[in-house]
There are 2 protein chains.
Amino acid sequence: MKKKNKRVKAAILIIGNEILSGRTEDKNVSFISNWLNLQCGISVNEVRIVPDIEKMIVKHLIELSKKYNYVFTTGGIGPTHDDITAQSISRAFKVKYEYHKEAFKILENYYGKSKFNDGRKKMAKMPRGSKLIYNPSSAAPGFIFKNILSLPGVPSILNSMIENCKKYLIKGSKIHSKTLNLFTVESNISKQLGLIQKKYKKFVDLGSYPFFRLGKIGVSIVSRSTSKTKLQSVNRDLIKLIKLKKIQILKI
Amino acid sequence: MKKKNKRVKAAILIIGNEILSGRTEDKNVSFISNWLNLQCGISVNEVRIVPDIEKMIVKHLIELSKKYNYVFTTGGIGPTHDDITAQSISRAFKVKYEYHKEAFKILENYYGKSKFNDGRKKMAKMPRGSKLIYNPSSAAPGFIFKNILSLPGVPSILNSMIENCKKYLIKGSKIHSKTLNLFTVESNISKQLGLIQKKYKKFVDLGSYPFFRLGKIGVSIVSRSTSKTKLQSVNRDLIKLIKLKKIQILKI
């Protein structure tokens, strides 16, 4: 029986002035994308980075939530005034922003009653109806509301939580990829690459990315597909092209 | 005479499957943002990352171009089939996608007539009316069309070209920033930080970012403003808070 090709698509909404100002380099997009690809067969089709401004967060949340199977937000779920992700989701979908009982208990336990101040309590406030995404490193949970999964911005904490998102996600067809690193320049093979891409248009995405390595310039040709067979066909065509042009392959 | 506070806002549109798939980590957002901030007083207020799909690029270009003073695109101006930024801009604004005479000459000179093949020629095709952004590292120029500045995706090449964008940009008021690195946790100061932010709401953006350093956790408090005076006032309030709470400052 032929397996049906199931495309599940996600977007990432990165919330935080520190990324937009250039102060902090985002590490979460590549981590989440790789994880979704490899672990869940989900592809990330769009990313947006927005400041800590409720009106903007609300607008983007509504747009992305309609358009994609899942939206991952990063950042803005801590204890300070600029952490407004949970309240923005509540606003966007017109539900109450309130204490999540289990989250409240987890945090109260973690900090102890006497040290459980207002800032810390804030981290238990979520849109009504949220389910928790547990946090093994610093207790404060993320949450899923509708198709929106909210995670913290600190990469090490986010990384430790990602496995706990799995149970909420429908899996898509695994996306396979194959990379050929060639010692050539893009414009030497661009015409033929274009023809190969055309031939496999519906099945394979073919990308070409210049690199500099060992003092030489080169091009990585990356093919991606949910079908291993089509990927092999593309690879055969690429190998033919490489032989024809007498291009050296970089073995890593 | 009091200098008028001039806000100039930009967006970045990153075009490329390789960033969305997680294969490549973006380096351009923080570089462009920092440069715009420091060199031009321009703040980046939104970033979007989209795949090499014309329909999507067109949609986002139109939206961002309306909303911001400038849109910087990165990626998609090379010689291969997946480089479709220039043709997407032409499509978005309904102008001809054609050879730019000067760009054609630059590239023809660089490669020499006999090696100036179709892929390389493609890099001279731009929306009609574009002006060039010169490329000191690999010849192929970027371009500005309306308020859209198109740069390549390879960070080292982009970095070498950024100065050549300056002449096309209106400068805004310089955004000053001050960082205090504190050995404390966010929730210890979140309430007071919120009050300080409220007090200077219109003038200063106050952000709080956890860090891990020297085996300890801490928080960086970053204040940003076009007014140095307001920044100093915020800093005085922060120092008061730090003394009150007996928090140690990390000197870097």
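Two strands count as paired if DSSP finds at least two bridges between them. Keep that in mind as you work through this predicted model.

**Exercise 1. Find how strand 2 of chain A meets strand 2 of chain B, and name a pair of facing residues.**

Step 1. Count the bridges: three of them join strand 2 of chain A to strand 2 (residues 42-50) of chain B.

Step 2. Check this against the cut-off of at least two bridges. Three bridges are found here, so the two strands pair.

Step 3. Look at the direction: these two strands run antiparallel.

Step 4. Pick a residue: Val47(A) stands opposite Ile49(B).

**Exercise 2. Work out how chain A and chain B are related, and describe their contact.**

Step 1. Lay chain A on chain B: a turn of 180° with a shift of 0.0 Å along the axis does it, with an RMSD of 0.0 Å.

Step 2. Name the relation: this is a two-fold axis.

Step 3. Find the axis in the structure: within chain A, the C-alpha of Arg48(A) is the nearest to the axis, at 2.2 Å.

Step 4. Compare the surfaces: both copies use the same one, as 100% of the contact residues of chain A recur in chain B.

Step 5. Count the residues: chain A gives 46 to the contact and chain B gives 46. Elements of chain A that give two or more residues include helix 1 (17-20), helix 2 and strand 2.

Step 6. Sort the side of chain A by class: 13 residues are nonpolar, 20 polar and 13 charged.

**Exercise 3. Explain why the buried residues of helix 2 of chain A line one face.**

Step 1. Locate the helix: helix 2 of chain A covers residues 28-40, which is 13 residues. From first C-alpha to last it reaches 17 Å, close to the expected 18 Å.

Step 2. List the buried residues: Asn28(A), Val29(A), Ile32(A), Ser33(A), Leu36(A) and Asn37(A).

Step 3. Look down the axis: these buried residues fall within an arc of 150°, so they line one face of the helix. In general, an α-helix has 3.6 residues a turn, so residues three or four places apart point the same way.

Step 4. See what covers them: the cover includes strand 1 (8-15) and strand 3 (70-74) of chain A, as well as helix 1 (17-20) of chain B.

Step 5. Go just past the helix: there Gly41(A) has a positive phi of about 60°.

**Exercise 4. Describe the hairpin formed by strand 10 and strand 11 of chain B.**

Step 1. Count the bridges: nine join these strands, which run antiparallel.

Step 2. Name a facing pair: Leu206(B) stands opposite Ser223(B).

Step 3. Inspect the turn: two residues lie between the strands, and Leu214(B) in the turn has a positive phi of about 50°.

Note on methods:
Residues numbered from 1 in each chain as written. Chains lettered and ligands numbered in written order. Predicted model: local features only at pLDDT ≥ 70, side-chain atom pairs only at ≥ 80, totals over all residues. Helix = DSSP H or I, 4+ residues; strand = E, 2+ residues; numbered from the N terminus. Expected span 1.5 Å × (residues − 1). Buried ≥ 20, exposed ≤ 12 C-beta atoms within 10 Å, placed from the backbone. Arc of directions from axis to C-beta. Contact = placed C-beta atoms within 7 Å. Least-squares fit on C-alpha atoms with pLDDT ≥ 70 in both. Nonpolar A, V, L, I, M, F, W, Y, C, P; charged D, E, K, R; others polar.
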